[in-house]
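Work through these exercises with the sequence and the model side by side. Try each task before reading its solution.

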Amino acid sequence: MQNGQLRPAILFIAGLMGLFGVVSAAAASHGADPRLLGGASAMCLAHAPALVALYAAWPMVRTAAIAALLLSTGTALFAADLTARHLLGHGLFPMSAPTGGGLMMLGWLAIAAGAFFKRADI
């Protein structure tokens, strides 16, 4: 995917992530054990707005693309693993939630690095 196609894709992913965050929060409130779905919801609802912010700041933040990729991939992996554990009784694959968490941390680090790698034309 080229950089020109990535920006709108990130906004689309943010919308889906927000949707899943609300759906999983609702499902968690009606289940016997809300911890796993509640955790998946929290991660999605925390990172969807961050992706929207990256979409908005894209022209000004040189690290926006890599940060958005890391955050979206990490959040999806983490939330999917928690959801699979809730629904199926097992995770996606060994270390999938920690891998997703690590990717999210790298995404936030990429956002922080954006303060030092501004675009030359701004």
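## An exposed loop residue

At 56% relative accessibility, M95 is classed as exposed, because the cut-off for exposed is over 50%. This is a predicted model, and the exercises below follow from it.

**Exercise 1. Locate M95 and describe its backbone.**

Step 1. Find the loop between α3 (64-88) and α4 (96-113); M95 lies there.
Step 2. Read the phi angle. M95 has a positive phi of about 70°, although it is not a glycine.
Step 3. Look at the residue that follows α3. That is G89, and its phi is positive too, near 85°.

## Overall layout

**Exercise 2. Determine the fold elements and their order.**

Step 1. Count the elements. The chain has four helices and zero strands.
Step 2. Read from the N terminus on. The order is α-α-α-α.
Step 3. Check two helix spans. Helix α2 (residues 35-57) has 23 residues and reaches 33 Å from first C-alpha to last, close to the 33 Å expected at 1.5 Å a residue. Helix α3 has 25 residues and reaches 35 Å, close to an expected 36 Å.

**Exercise 3. Judge whether the chain's radius of gyration fits a compact globule.**

Step 1. Take the expected value. For 122 residues, a compact globule would have a radius of gyration near 14 Å.
Step 2. Compare. The chain has 15 Å, so the two agree.
Step 3. Add the box. Along the principal axes, the C-alpha atoms fill roughly 55 × 25 × 25 Å.
Step 4. Add the contacts. Of those with a separation of 6 or more, 68% join residues 24 or more positions apart.

## The core

**Exercise 4. Find the largest nonpolar core and say which helices build it.**

Step 1. Start with burial. Buried residues make up 39% of the 122 residues in the chain.
Step 2. Recall the trend. In soluble globular proteins, nonpolar side chains tend to be buried together.
Step 3. Pick out the core. The largest one has 25 residues, and I10, L51, L54, W58, A68 and L71 have the most contacts inside it.
Step 4. Assign the helices. α1 (3-30), α2, α3 and α4 each supply at least two residues. α3 gives the most, with nine.
Step 5. Zoom in on I10. Leaving out residues up to four places away in sequence, I10 touches L51, W58, A68, L69 and S72.
Step 6. Turn to α2. Its buried residues are L37, A40, S41, C44, H47, A48, A50, L51, L54 and A57.

## Contrasting residues

**Exercise 5. Is T75 buried or exposed, and what does T75 touch?**

Step 1. Place T75: it lies in helix α3.
Step 2. Apply the cut-off. Buried means under 20%; T75 has 0% relative accessibility, so it counts as buried.
Step 3. List the partners. Beyond residues up to four places away in sequence, T75 touches M17, M43, C44, H47 and M104.

**Exercise 6. Is L19 buried or exposed, and where does L19 sit relative to C44?**

Step 1. Place L19: it belongs to helix α1.
Step 2. Classify it. L19 has 52% relative accessibility and therefore counts as exposed.
Step 3. Relate it to C44. L19 and C44 are 25 residues apart in sequence and 8.6 Å apart in space, C-alpha to C-alpha.

## Rings

**Exercise 7. Search for aromatic pairs, then look for a charge over a ring.**

Step 1. Search the whole structure. The result is zero aromatic pairs.
Step 2. Check Y55. R7 lies over the face of Y55, at 4.3 Å from the ring centre.

Notes:
Residues numbered from 1 in each chain as written. Predicted model: local features only at pLDDT ≥ 70, side-chain atom pairs only at ≥ 80, totals over all residues. Heavy atoms only, no water. Expected span 1.5 Å × (residues − 1). Buried < 20%, exposed > 50% of the residue type's maximum accessible area, 1.4 Å probe, protein only. Phe/Tyr/Trp six-rings, centres within 6.5 Å; stacked < 30°, edge-to-face > 60°. Lys NZ or Arg CZ within 6 Å of the ring centre and 35° of its normal. Core = buried A, V, L, I, M, F, W, Y, C linked by side-chain atoms within 4.5 Å. Contact = heavy atoms within 4.5 Å. Rg over C-alpha atoms; globule rule 2.2 N^0.38 Å.
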